[in-house]
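Here are my notes after going through the model you sent. I've kept them as short points so you can follow along in the viewer.

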Amino acid sequence: MSKALDGVRILDFTHVQSGPTCTQLLAWFGADVIKVERAGAGDITREQLRDIPDVDSLYFTMLNHNKRSVTIDTKNPEGKLVLEALIQKCDVLVENFAPGALDRMGFTWERIQELNPRMIVASVKGFGPGPYEDCKVYENVAQCAGGAASTTGFDDGPPVVSGAQIGDSGTGLHLALGIVTALYQRTLTGRGQKVLAAMQDGVLNLCRVKLRDQQRLERTGTMKEYPQYPNGTFGEAVPRAGNASGGGQPGWILKCKGWETDPNAYIYFITQAPVWAKICNVIGKEEWATDPNYATPAARLPHLKDIFAEIERWTMTKTKFEAMQILNKYDIPCGPILSMKEIAEEPSLRKTGTIVEVDHPTRGKYLTVGNPIKLSDSPTEVTRSPLLGEHTDEVMTELGYSPEQISALRTAGAI
Ligand SMILES: CC(C)(COP(=O)(O)OP(=O)(O)OC[C@H]1O[C@@H](n2cnc3c(N)ncnc32)[C@H](O)[C@@H]1OP(=O)(O)O)[C@@H](O)C(=O)NCCC(=O)NCCS
């Protein structure tokens, strides 16, 4: 079966996490992704957080599936010529170097356009134009600068970053959308364009509801679904809301049976208004269904803490899975707190290809997260990440270099 991005060639100049997540997605959709790495060293993540000596780390393998690897010294004059040949052959150049690095290499937007006016140049940077545009940025910096950290955690504690890599993988997703959109526009205009996804912008986009709340707070001085209401006080900025749910359906994380020893024996419980009477029945508080202090969503808001304490008395008598089973019967929205161990072992995620086992020549078998976006006409087959420079000769041959030329470039240290 064909793939959605068959025929699209990507010059993948990305490293670490944000850029590689983007190009990995494009590879899963069928693009030919040629990862250009520094000769001898490669993407720094190959050797970071290694669990097996001298073997590509899981950090690297899990972000670089379905790609080819070529090593080029892009600061070597002959290496630059190889890169120029690649620019002429590819549709998209994706990079996430520190600001200015591509220009310093001699590959400005203007130069790239001279070489290939159809080329789309897609970049992840920490910040867009402004006071911080020259800064190097990693995941947690983006989470902090994009508004996520100030709104995550508990009110009486410091700002907290999320385990979800919304700065890196989140921005990679944003960039991938920008690239396919630019490819679509190119079919009409025939021209390439620049695509920029700034990590601060990507995180803020995912924190959109908190900017909503900032304006609500400024207008009304309070937000009734926040745990600070009715007893705490609100300051000038959106506070951290603990585990409160963002929307109009109050929720919280509650202990389940075994919580004393299992750090993940918890359930997320939402007191959705339409099923309030059923919730009252399940937890044995039938009178709350008609009590004017509890019967309506507005009446319940000042009592949320007590309500969740009462529900927790019930959830603590059940495991999170037992609670799920009972609550789902009544359409009460809830979700178990799943550990990574439980997720890794979940058969349904294996079945859908969301968790995939991959074989690697030096590492052996390992688990990875497959393509979370499923296309009915473009199925994803996850293949292993490339070894450093594994495809240098193959790609050089495709570019028209003879074996003698390849060997001379290798001797010159260009590849
Ligand atoms: C992630 C980041 C902080 C890493 O910084 P770093 O390890 O110092 O790496 P840089 O991007 O600065 O380095 C790239 C250097 O390697 C050089 N380089 C890269 N590939 C090369 C190659 N194949 N051959 C020769 N040199 C190469 C670049 O030219 C650059 O050199 P310069 O600084 O002399 O211009 C930085 O790249 C960054 O801020 N990126 C944008 C934001 C981002 O994506 N962050 C998330 C990362 S998950």
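1. One term before the ligand: a polar contact here is a pair of N or O atoms within 3.5 Å. With that in hand, look at V137, where a backbone N or O atom sits 2.7 Å from a nitrogen atom of the ligand. Keep in mind throughout that this is a predicted model.

2. The rest of the ligand site is worth a look too. There are 23 residues around the ligand, and K75, A98, R104, K136 and V137 come nearest. K75 puts a polar side-chain atom 2.7 Å from a ligand oxygen atom, and R104 does so at 2.8 Å. On its own the ligand would expose 940 Å², of which the protein buries 85%.

3. Next, go to E95, which has two side-chain partners worth checking. The side chain of S123 makes a polar contact with the E95 side chain at 2.6 Å, and E95 also meets K125 in a salt bridge (2.8 Å, N to O). Because E95 lies in strand 4 (residues 92-95) and K125 in strand 5, that salt bridge ties together parts 30 residues apart in sequence. S123 belongs to strand 5 as well (residues 120-125).

4. Are these residues buried or exposed? E95 counts as buried, at 4% relative accessibility. K125 is buried too, at 14%, and S123 is buried with a relative accessible area of 12%.

5. A search of the whole structure turns up 23 salt bridges. One of them pairs R212 with D213, with the closest N and O atoms 2.9 Å apart. The two ends sit in unlike surroundings: R212 is partly exposed at 35% relative accessibility, whereas D213 is buried at 1%.

6. Helix 14 (residues 340-345) holds both E345 and K341, four residues apart, or about one turn of the helix. Their side chains meet in a salt bridge (2.9 Å, N to O), and both residues are exposed. Elsewhere, salt bridges with shared partners join D32, R68, E394 and E398 into one network.

7. On the surface, L173, I373 and L375 form a nonpolar patch with about 230 Å² of accessible area together. I373 is in the loop between strand 11 (364-369) and helix 16 (392-398). At 34% relative accessibility, I373 counts as partly exposed.

8. Last, the overall layout. The domain assignment splits the chain into domain 1 (9-205 + 346-412) and domain 2 (251-332). Taken over C-alpha atoms, the centres of domain 1 and domain 2 are 44 Å apart.

Note on methods: Residues numbered from 1 in each chain as written. Predicted model: local features only at pLDDT ≥ 70, side-chain atom pairs only at ≥ 80, totals over all residues. Heavy atoms only, no water. Patch = residues over 30% accessible without salt bridge, like charges linked within 9 Å, V, L, I, M, F, W, Y side chains within 5 Å. Areas by Shrake-Rupley, 256 points an atom, 1.4 Å probe, with all protein chains shown as cover. Salt bridge = Lys/Arg side-chain N within 4 Å of Asp/Glu carboxyl O. Helix = DSSP H or I, 4+ residues; strand = E, 2+ residues; numbered from the N terminus. Buried < 20%, exposed > 50% of the residue type's maximum accessible area, 1.4 Å probe, protein only. Domains from an automatic or database assignment. Near = heavy atom within 4 Å. Polar contact = N/O pair within 3.5 Å; in protein donor to acceptor, adjacent residues only side chain to side chain.
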